[in-house]
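Biologist: Before I rely on any label attached to this structure, I would like to hear the reasoning behind each one. Could you take me through it step by step?

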Amino acid sequence: MDSHPLPHVDDILADCAKGKIWSKMDMTNSFFQMRVHPDNIHLTAVTTPLGLYELLAMPMGLCNSPVIHQRCMTAALREYIGKFCHIYLDDIVEHTKHIDLIMKALQKSRLYCNPAKCKFYLTELDFLGHHISTCGIEPNSSKIDCITQWPTPKSATDVRLFLVVLPRS
């Protein structure tokens, strides 16, 4: 079991709140950019009607996939993390004047972003379930709309229904 830590979301958000302009980058098939170590390829074997297949790229469902990916991203961007860049798995948020440095560091490590999911020069953005703007950090409205729009319970049955039906995210 790998024990590389994931960053604390609160630390990232607190640092992001200090900015006025942000950029957000998202990786292209991020887990599949990670190669399975040759000694472990046999552990990924999957039996199908067409035969036995072994994965060469890291699948998302393995217990160590997130921490291995985080370690790789941290290694690629180590000199920038906490200064003007933050990473949470495959999401990167950084200040606008450093985009070129981030892109070069990712390219050097052969990690690639999805251009359709990258946003630059934003005055507000949604990141890690929160809305970040010059006004501060707020919960992302899409995460709380189902609660705020729920009718006020008028009985114990209504409360139970709320607790059972409320979508989890």
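Modeller: Let us begin with Y121, which is placed in strand β6, covering residues 119–122; please keep in mind throughout that this is a predicted model.

Biologist: What makes Y121 count as exposed?

Modeller: The relative accessibility of Y121 is 58%, and the term exposed is kept for values over 50%, so Y121 qualifies. Together with I21, M103 and F120, Y121 also forms a nonpolar patch on the surface, whose accessible area comes to about 380 Å².

Biologist: What is noteworthy about the phi of Y121?

Modeller: Phi of Y121 is positive, at about 60°, although Y121 is not a glycine. Most residues other than glycine have a negative phi. L128, in the loop between β7 (124–127) and β8 (130–133), is likewise a residue other than glycine with a positive phi, near 55°, and R110, which follows α3, has a positive phi near 60°.

Biologist: How do you know that C85 is buried?

Modeller: C85, found in strand β4 (residues 85–88), has a relative accessibility of 0%, and buried means under 20%, so C85 counts as buried. The C-alpha atom of C85 lies 9.8 Å from that of K24, although 61 residues separate the two along the chain.

Biologist: Why is T44 called buried?

Modeller: T44 has a relative accessible area of 9%, which is set against the limit of under 20%, and therefore T44 is called buried. T44 is found in the loop between β1 and β2 (46–48), and, leaving aside residues up to four places away in sequence, it touches V36, Y53, E54 and L55.

Biologist: Why is the pair of D26 and K117 called a salt bridge?

Modeller: The closest N and O atoms of D26 and K117 are 3.6 Å apart, and the criterion asks for a side-chain nitrogen of Lys or Arg within 4 Å of a carboxyl oxygen of Asp or Glu, so the pair is one of the two salt bridges that the structure holds. D26 belongs to strand β1 (residues 22–26) and K117 to the loop between α3 (99–108) and β6, so the salt bridge ties together parts that are 91 residues apart in sequence. D26 counts as buried because its relative accessibility is 10%, whereas K117, at 42%, counts as partly exposed.

Biologist: What makes D100 and K104 a salt bridge, and how are they placed in helix α3?

Modeller: Their closest N and O atoms are 3.0 Å apart, and the limit is 4 Å, so D100 and K104 form a salt bridge. Being four residues apart in helix α3, they are separated by about one helical turn. D100 has a relative accessibility of 45% and therefore counts as partly exposed.

Biologist: How do you know that the buried residues of α3 line one face of the helix?

Modeller: The buried residues in α3 are I99, I102, A105 and L106. Seen down the axis of α3, they fall within an arc of 135°, so they line one face. The face turned away from that buried side carries the exposed residues K104, Q107 and K108.

Biologist: How does the span of helix α2 agree with what is expected?

Modeller: Helix α2 has 13 residues, 65–77, which at 1.5 Å a residue should span 18 Å, and the end C-alpha atoms are 18 Å apart, so the two values agree. The buried residues in α2 include V67, M73 and L77.

Note on methods. Residues numbered from 1 in each chain as written. Predicted model: local features only at pLDDT ≥ 70, side-chain atom pairs only at ≥ 80, totals over all residues. Heavy atoms only, no water. Patch = residues over 30% accessible without salt bridge, like charges linked within 9 Å, V, L, I, M, F, W, Y side chains within 5 Å. Areas by Shrake-Rupley, 256 points an atom, 1.4 Å probe, with all protein chains shown as cover. Helix = DSSP H or I, 4+ residues; strand = E, 2+ residues; numbered from the N terminus. Buried < 20%, exposed > 50% of the residue type's maximum accessible area, 1.4 Å probe, protein only. Expected span 1.5 Å × (residues − 1). Arc of directions from axis to C-beta. Contact = heavy atoms within 4.5 Å.
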